Amino acid sequence: MVKLNNGYVPETIDEALAIMRDEKVKPYSGGTDLMIEGEEGISYLFLNKIPELKVITQDHDYIKIGAECTFTDIEESDVAPQILKDAISELAGPAIRNFATIGGNIGNGSAKADSALILFVTDSLIRLRGADSERTIYIKDFYKQRKQLDLKEGELIIEVLIPKRYLKNYYYKKIGTRKALAISRVSFAGLFHEENGVITHLATAFGAVEPTIVRHSEIDGMFIGKTISEAKSLKDNYVNAYDNAMNPSAGRVSKEYRKTVCINLLKDFLGVNGI
Amino acid sequence: MEKIGKSVVKKDHAAKISGVAKYIADYPTDGILHGKFLRSTIAHANIKNITVPELPDGYMIVNKDDVLGENKVHIVLEDMPVFAIDTVEYIGDPILMVLGLDENKVEDIVSKIVVDYEELPAVLDMTKSEVAFFDYHLSKGDVDKSFEDADRVYDEVINTGYNEHIYLETNGMIADYHDGKVTVSGSMQCPYYILKAVQLATGLEKDKVQVKGETTGGGFGGKEDYPSILACQVAVASMKAKKPVRVIFDRREDITSTSKRHPSTARYRAAIKDGKITAMDINIIYDAGAYSTLSAVVLQRGVICANGVYKIENLRVHGKANKTNTVPKGAFRGFGAPQVFFDVELFMNHIAKGEERNSIDFKKEHMVMQGDATSTNGKFHFHVPLNEMIKEAEDLSNYKEKKELYDKPQTGRFRRGIGMALAFHGAGFTGSGERDLIKAVLKLKKHQSGIVEILSANTEMGQGLHTTLSKIAGKELGIPFDEIILSNPDTDEVPDSGPTVASRSLMIVGELVRRAAARLKDEWIDGEEQIIEEHYKHPDFLIPFSLDNFRGDAYPTYSWSVQVMEVEIDMLTGQHNVLGAYGSFDVGTPIDMNIVVGQMEGGMLQGIGYSSMEYMDHDNKGRIRNNSMSDYIIPTAMDIPVIKVQVHVAEYPEGPYGAKGAGELPTVGVAAAYIEAVEQALGKNIDHIPFTVEDTMKTICSKED
Amino acid sequence: MEYIEFKLNGDNMKYEGDASDRLLDVLRDTYKLTGVKCGCKEGECGACSVIIDGRLANSCMIAMGSIQGSDVMTIEGFSKTERFKVIDKAYGDVSAVQCGYCIPGMVLATECILGKNPHPTETDIRRGISGNLCRCTGYNSIVKAIGNAAKEGEGLW
């Protein structure tokens, strides 16, 4: 562990958590959000030199990505899922991707976070640790409200766990302001799985349209267990349910634009899957 | 003999690519006081009181009371104060400057100053303004009769929006007052404009003001008038502090408080008789912002070019530059022309559609030719190469096949369109400006050693001017261009060869360089120092121009462009994908091919941004919300991968080796081609730029109603 | 005294300021390396590009504490290399340098593109410079220069 003027550079998670418990510090992952504000005289806890947090592994059920993995690390990993790589490849530019981390992207709490959208649609888990605690919760439970996370005092994000089961057949679309260096105006991700003509999984999530990422698994559940032709007859109900449930905010683009595009993408996602 | 256009490695290449070239912010700052502005946060108000916190030693305020000359910035008129007097006229209006050694402390002090404003009504809509800084009328033929006799009348209102330069290097200036003289150095396009302005504000004599143009990281017109304002402010500050003063803008400050392109609204009417346009009646309003700055000249160009490349014998143009309580607008590549060329080309496209004519055929029937009168009854004295250039652009882009293909009904998710626009840019100052206002003087100095130095006030801001002027002198003298000396301008050393604007530097100053070099060659004496002075000569063939009635040759010659844009729209999201940007450009003889092509490509990309992604506006309080690089969107390298340029040469005999003005041309004609493509893809007419992704979605949805 | 130890253009450095200080400011003000430019201070333009531990970085988005133990290279350091000579010639031959402000960043981005992929496609190149904004060139000449550097520099990367 290295102590600096107004900063700490721990080498292990335990060291980092001890400092979180004992000192008044702000966790610094990649810096690409924090440094925009550039607060002065603040004490940072630099997490980028902790090898334990930069690991990408998998077991039978999950792909596990350490919170300090940069987007470049994820892009270059053989293990990370393609849907996540797609989302990351359109994020900012190379220099940002080299330093921005998945932990930082989530920790920002923004509904525009490109990686968070993927974690929502995959119903991923997030593991958190404090000096004397540990818990693993669903990502959707981690986001409470706009930029408000269920992050307790002294806790750090350790890793995300992405269920492997339904990752193969996915749909991803980001509408940014241009083809690179683009903040999302609307983003959408969808997963679809059918077995022997029966839909076994369907998941959708919308980013950048409401204060938190939109995931209505109860609406998506309408299709589970149905055949494709049954699903076709339910399509209008499904789309209407989303039309009613979604309440986009106005921002750099209008609510109408967001709603229209979300519904368009939703229909297209169903369409490419035969519904 | 090798053609002058053969590309060379530019003179400024080595210093810039190695990071050695110094821009104004790169100079050491030991002992320099940093300055930060307190700017108005209200669009229109009386200043009732200003409460400044207690200032630590060495920190001070500079305001209107410290202006030793006149509290006016000379641009064209002098309506803008150096520091606000009792009112503020726009959000961002500089009230005072805080100076001190520590930048952070200075910022802190600024944030603690409290201004007591008495808010006044603010005019934010140019159409509701009752103050026209300038009001011009151009009229010829019998417009009213033509409309009476018309078979059909076309009538449209077309709008254009804000546009911000986003030069990568923000504005910056250092002033150093010592021994009764002030030296101002910084990022700029016009050292002598600044000299005149600083003289007025400081009350100093001409020989007590020195202006040095440093390596400038992009201008595009954004550093034409604005630096005069900043220069006056830092000069006044340095005189008070008796120490050097440095102001370097951060990006947000630069975006929100420096000059922008004039937004505009225009009503175009055309009378059609027997399938041809017999008259146009045009009304334009430019949003000038809070002060007049360059609006007179921008408006002049807009009025003169409002009818585009077309021969309209019955023509009426009424243009106004209206005051609003928003950031003062200024120069930006094209200088009033991009707005009207968008308007007229769009209008022509719509008329052609209405008349069920192919747009290019319809345009060709109205295009001017050599010998025809201009809008102001000047003359197109030289060949108009549009027909050849249309063919070149068609071949470059496969325009005809694509237009036909995209005209067929499109039903898929991705729909395409292709558009073509014609434009010119009159190079040089309007009318007799070169002769009566600028009166450019250029010197060549031959050192005893035989080294030749060009003494010119024109700045290198990326357009390659130092290389091209050196090539001209070198060719004439038979000396390698890289042995010709051409330094960054210092008004103590160089004569006033005029500002680096209006696409004039190569055409006008370059020709002065050529003539001076030719004379030097004739008069060369080995071993002796020689100075050759060359003065601007107004070409004899020009029909005298009068601003009173807008008559005569507004420009000595024209550069021409034909641009094609191919765009694909995602009907589900409204997103645009530019499949190709193509252009044939005539800027006369290219003095350096790579430099010309680089200017054309860069200018086209700016025009594409202007048409689509570069949205900016003020809100109902007069605030510019798109105030950062993440919110004001310019294209990245991934956005428009296909840009193809063809250089067409129609020489101008009065330009050096036949060269004409080039810098602004490529931006002028892009928007209408872009929008024509989008219209074809959507199957609906459009009436404004920027046409954003959201605008596109609205149109897609309305089509289905 | 707690200082930050890092390598700068090959030299061992000890920075005595705050861990929260911005690398861009430190490079320019403390170490007088003014080849690193400031265009926006928000990580949106790439004018401040440097290479940290072999990866392209926006120095305006880097706090000093995060480079403890790292290797930093600026244009001043890179311009002394053989690879730079090839890039320099490639950019010069197509006049890819206009106002020059984006160029140090573009050159370092070029080094990172070719370092990762010595034979990049045009798409790879455009992606590799997608975080470096240029307002002058329209990008074509820069893309061409990078492609030419790849060809001319065969074996260097």
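Here are four short exercises, with worked solutions, on the interfaces and cores of a predicted model.

**Exercise 1. Work out how domain 1 and domain 2 of chain C meet.**

Start with the bounds: domain 1 of chain C covers 4-74, and domain 2 covers 81-152. Next, take the C-alpha centres of the two, which sit 21 Å apart.

Now look at the contact itself. On the domain 1 side 16 residues take part, and they touch ten residues of domain 2 of chain C. Putting these two domains of chain C together buries about 960 Å², with carbon and sulfur atoms giving 67% of that area.

What about charge pairing? The count of salt bridges between domain 1 and domain 2 of chain C is zero. Polar contacts do turn up, though: five residue pairs, with both partners at pLDDT 80 or more. Finally, ask which elements do the touching on the domain 1 side: β3 (49-52) and β4 (55-58) of chain C each give two or more residues. Of these, β3(C) has the largest share, three residues.

**Exercise 2. Describe the interface of chain A and chain C, and find which helix of chain A gives the most to it.**

Begin with the head count: 37 residues of chain A are in contact with 34 residues of chain C. The area buried between chain A and chain C is about 2700 Å², and carbon and sulfur atoms give 53% of it. On the chain A side, A:Asn5, A:Met35 and A:Phe99 lose the most area, together 24% of what that side buries.

Then go through the pairs. The rule finds four salt bridges across the interface of chain A and chain C. One to pull up on screen joins C:Lys116 to A:Glu76, where the closest N and O atoms are 2.9 Å apart; the cut-off for a salt bridge is 4 Å. There are also 17 residue pairs in polar contact between chain A and chain C, both residues at pLDDT 80 or more.

Last step, the elements. Those of chain A that supply at least two residues to this side include β1 (2-4), β2 (7-9), α2 (34-37) and α5 (94-99). The helix we're after is α5(A), with six residues.

**Exercise 3. Analyse the contact between domain 2 and domain 3 of chain B.**

First, the bounds: domain 2 of chain B comes in two segments, 264-429 + 552-704, while domain 3 is 433-535. Their C-alpha centres are separated by 34 Å.

Second, the patch: 21 residues of domain 2 meet 23 residues of domain 3 of chain B. About 1700 Å² is buried between these two domains of chain B, 67% of it from carbon and sulfur atoms. In domain 2 of chain B, B:Phe429, B:Ile591 and B:Tyr657 lose the most area to domain 3, together 40% of what that side buries.

Third, the polar side of things: the rule finds two salt bridges between domain 2 and domain 3 of chain B. B:Asp592 and B:Lys471 form a salt bridge, at 2.8 Å from N to O. Five residue pairs are in polar contact across this domain boundary of chain B, both at pLDDT 80 or more.

**Exercise 4. Locate the largest nonpolar core and say which helix gives the largest share of it.**

Size comes first: this core has 238 residues. Those with the most contacts inside it include B:Met97, B:Trp560, C:Tyr91 and C:Ile142. Then check the helices: α5 of chain B (residues 226-241) gives the largest share, eleven residues. Apart from this core lies another one, of 75 residues, among them A:Cys69, A:Leu167, C:Leu8 and C:Leu24.

Key: Residues numbered from 1 in each chain as written. Chains lettered and ligands numbered in written order. Predicted model: local features only at pLDDT ≥ 70, side-chain atom pairs only at ≥ 80, totals over all residues. Heavy atoms only, no water. Core = buried A, V, L, I, M, F, W, Y, C linked by side-chain atoms within 4.5 Å. Buried < 20%, exposed > 50% of the residue type's maximum accessible area, 1.4 Å probe, protein only. Helix = DSSP H or I, 4+ residues; strand = E, 2+ residues; numbered from the N terminus. Domains from an automatic or database assignment. Contact = heavy atoms within 4.5 Å. Buried area = accessible area lost by both parts, 1.4 Å probe. Salt bridge = Lys/Arg side-chain N within 4 Å of Asp/Glu carboxyl O. Polar contact = N/O pair within 3.5 Å; in protein donor to acceptor, adjacent residues only side chain to side chain.
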